[in-house]
Amino acid sequence: MYVTTQARVELHGMLERALARRSDVADDGKALSFRLLPAKGHGEKTALGLTLDAPTASDQIVEHRGRSVLVMDVSTSALLEGLTLDLVDTPEGARLGLLE
């Protein structure tokens, strides 16, 4: 999966805001990133979720300004091969979205 610069910037901001709300994170959360996980979707669609997690040695890691902002395991990476994560305009404003 390719992650655009705009998506990386958004993920970086989201990560900073998420970590600022947590008091249980050591070292300002520098070891944490968002982990992209497949989740049960509606019907046959696969939904994706984000959770805070530390990268592992086998993860695909996406960085912005020297910081890991998104990680995914090999199976998630294979599921999303050929897709692009970008900011998408919606009626509610710009949101992260997957594009073919």
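A residue counts as buried when its relative accessible area is under 20%, as exposed when that area is over 50%, and as partly exposed in between. That yardstick comes back throughout this look at the salt bridges of the chain, all of it based on a predicted model.

First, the overall layout. The chain is built from two helices and seven strands, and starting at the N terminus the order of elements reads β-α-β-β-β-β-α-β-β. Of its 100 residues, 34% fall into the buried class. The accessible surface adds up to about 6,500 Å², with carbon and sulfur atoms supplying 50% of it. As for contacts, take those with a separation of 6 or more: 47% of them are made by residues 24 or more positions apart.

Now to the charged pairs. The chain has four salt bridges by the distance rule used here. One of them pairs Glu-16 with Arg-67, whose closest N and O atoms sit 3.0 Å apart. This bridge ties together distant parts of the chain, since Glu-16 belongs to helix H1 (residues 5-20) and Arg-67 to strand S5 (residues 67-72), 51 residues apart. The two ends differ in exposure class: Glu-16 has 35% relative accessibility, so it counts as partly exposed, while Arg-67, at 12%, is buried because its value is under the 20% cut-off.

Arg-35 takes part in two more of these pairings. One is with Asp-53, where the N to O distance is 2.6 Å. Here too distant parts of the chain are linked, with Asp-53 in strand S3 (residues 46-53) and Arg-35 in strand S2 (residues 33-40), 18 residues apart. Asp-53 is partly exposed, given its relative accessibility of 29%. Arg-35 shows just 8%, and therefore goes down as buried.

The other partner of Arg-35 is Asp-59, again with 2.6 Å from N to O. Asp-59 lies in the loop between S3 and strand S4 (60-64), 24 residues away from Arg-35 in strand S2, so this pair also bridges distant parts of the chain. With 10% relative accessibility, Asp-59 counts as buried. Put together, the shared partners join Arg-35, Asp-53 and Asp-59 into one network. Within that network, Arg-35 and Asp-59 are buried, whereas Asp-53 is partly exposed.

Methods. Residues are numbered from 1 along each chain as its sequence is written. This is a predicted model: local features need pLDDT of at least 70, side-chain atom pairs count only at pLDDT 80 or more; totals for chains, interfaces and linings use all residues. Side-chain values use heavy atoms; hydrogens and water are left out. A salt bridge is a side-chain nitrogen of Lys or Arg within 4 Å of a carboxyl oxygen of Asp or Glu. Helices (H or I, at least four residues) and strands (E, at least two) are DSSP runs, numbered from the N terminus. Buried means under 20% relative accessible area, exposed over 50%, partly exposed in between (1.4 Å probe, protein chains only). Contact means heavy atoms within 4.5 Å. Accessible areas come from the Shrake-Rupley method with a 1.4 Å probe; for residues, only the protein chains shown count as cover.
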